[in-house]
Amino acid sequence: MTAPLKPTTTVQATSVLGLGVYRPSTVVDNEQICQWIDSSDEWIRQRTGIVTRRRAPADVSVVDMAEGAALDALRDADTSAEEIEAVLISTVTHPYQTPSAAADLAHRIGATPAAAYDISAACAGYCYGIGQADALVRAGHAKKVLVVGVEKLSDVIDNHERSISFLLGDGAGAVVVGPSEEPGISASILGSNGEKWGAVSMDSSLLRLRDALSEAQTTGDASRLLDPEERLWPTLRQDGQTVFRWAVWEMAKVAKQALEKAGISTTDLAAFVPHQANIRIIEELAKQLKLPEHVLIGRDIVDAGNTSAASIPLALHRLRAENPEISGGLALQIGFGAGLVYGAQIIRIP
Amino acid sequence: MADKNEILAGLAEIVEEETGLETEEIQLDKSFTEDLDIDSISMMTIVVNAEEKFDVKIPDEEVKNLTTVGDAVDYIANAAG
């Protein structure tokens, strides 16, 4: 008989201990957007709710923004970096396939040798991160986990296309997840629908750019590289109608599942913080869920645009700053996006 | 096959609720975008509500073929038939 393995020490419950954000300084209003696409401030506000979006300058990286949010979250959680045993970054805009943004961040903030890895789940990435952090702590893998949702979407947009680019902004939000006496994070609902893989997607892969570079080097003809119509740098596109239908009617079902798994109803909520995709998705989702009037709804999209994995913590942070009384209350958060993928859970607001 | 006048009346109610347009304005020959100024997101809300009301399926790829109110009424009539 081989030696028995020592059982893992597990934890019964977890909660979000602190919340922090980083908002880039550059504000892009609709007038600026209309320099690139034939539209108007009024049209953009009506269709999306967006008045401005924040975008980071060239010298501010994904990890820079993640660091700003992480340090803010550690302060809010009254936690030192040494206590962090896992760093998870949800992002689709870290411009290196490897190494991860999380390993760099863990080193920068002094959280080594924490486990560190990135999560690619687009606009659902933050909820995936919370689900994983909850599981890591409860399973005894890490005492405290730092979860960051960060995007520099301005690096992967084509300002002249009309399906998605004008919606998008940059930013970061972070939380610290740790053990708690009472459950502060409900069971997560995580899922995907790869049948709609192309509904929100990059318009090509980096291999196309590599092959064009190779061709130019071989032939000495760089005309393809210089032709803007070739669009060799991959940028985001979406089928707005398909995404809208899925994001409202399918996600309303997921939100209800999350409430059911948590054993609560909408009347128990203090806040509803959906991914900030489009104000009309947010309003229609709220309508489908028949939220009572007292439930505050995150509408950070108006000033911040759609920041993918960062949008939920950014919106929650703003709701709490403007309504400090919701601290200690329950928030239903739901992320959904490219994949298509989705994630939802209820958290107690730190 | 479902009665097209009934479908038109039901569809007009859905469009009225989504857009605030009077039901009398919702005629078979009206274009959703050109005449009724209904954008793509409102159109999807109308489609989902119509699916529920008439117990039919209108796939995403069919929605772009529904140019006029008449197109939608025909599609629903055939799907429900």
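**Notes on the two sheets of chain A and its contact with chain B**

1. Helix α5 (residues 125-138) of chain A lies across β8, β13 and β14 of chain A, and runs at about 55° to β14(A). Helices (H or I, at least four residues) and strands (E, at least two) are DSSP runs, numbered from the N terminus. Angles run from 0 to 180 degrees between N-to-C directions, with axes as lines fitted to C-alpha atoms, for helices over the stretch in contact. Contact between two residues means that their C-beta atoms, placed from the backbone, lie within 7 Å. Helix α11 (residues 311-322) of chain A also packs on this sheet, where it touches β11 (269-274), β12 and β13 of chain A; its direction makes about 145° with that of β11(A).

2. Before going on: this is a predicted model, where local features need pLDDT of at least 70 and side-chain atom pairs count only at pLDDT 80 or more, while totals for chains, interfaces and linings use all residues. Residues are numbered from 1 along each chain as its sequence is written, and chains are lettered from A and ligands numbered from 1 in the order in which they are written.

3. The sheet under α5(A) and α11(A) is open, with 5 strands in the order β8-β14-β13-β11-β12 (chain A) and mixed pairing. Strands pair if DSSP finds at least two bridges between them. β8 (189-192) and β12 (296-297) of chain A are at the edges with a single partner strand each, so one side of each has no neighbour in the sheet.

4. Take a look at β13 (residues 330-337) and β14 (residues 341-348) of chain A: they run antiparallel and are joined by 8 bridges. In β14(A), Tyr342(A) is the bridge partner of Phe336(A).

5. Chain A has another open sheet of 5 strands, ordered β1-β7-β6-β4-β5, again with mixed pairing. Its edges are β1 (14-22) and β5 (115-119) of chain A; each has a single partner strand, so one side of each is left without a neighbour in the sheet. On average, neighbouring strands here are turned by 15° against each other, direction ignored.

6. Strand β4 (residues 84-90) of chain A runs parallel to β5(A), with 5 bridges between them. Ile89(A) stands opposite Asp118(A) in β5(A). Helix α4 (residues 101-109) of chain A packs on this sheet, touching β4, β5 and β6 of chain A, and its direction makes about 135° with that of β4(A).

7. As for the chain contact, 9 residues come from chain A and 8 residues from chain B. On the chain A side, α8(A) gives the most, with 6 residues.
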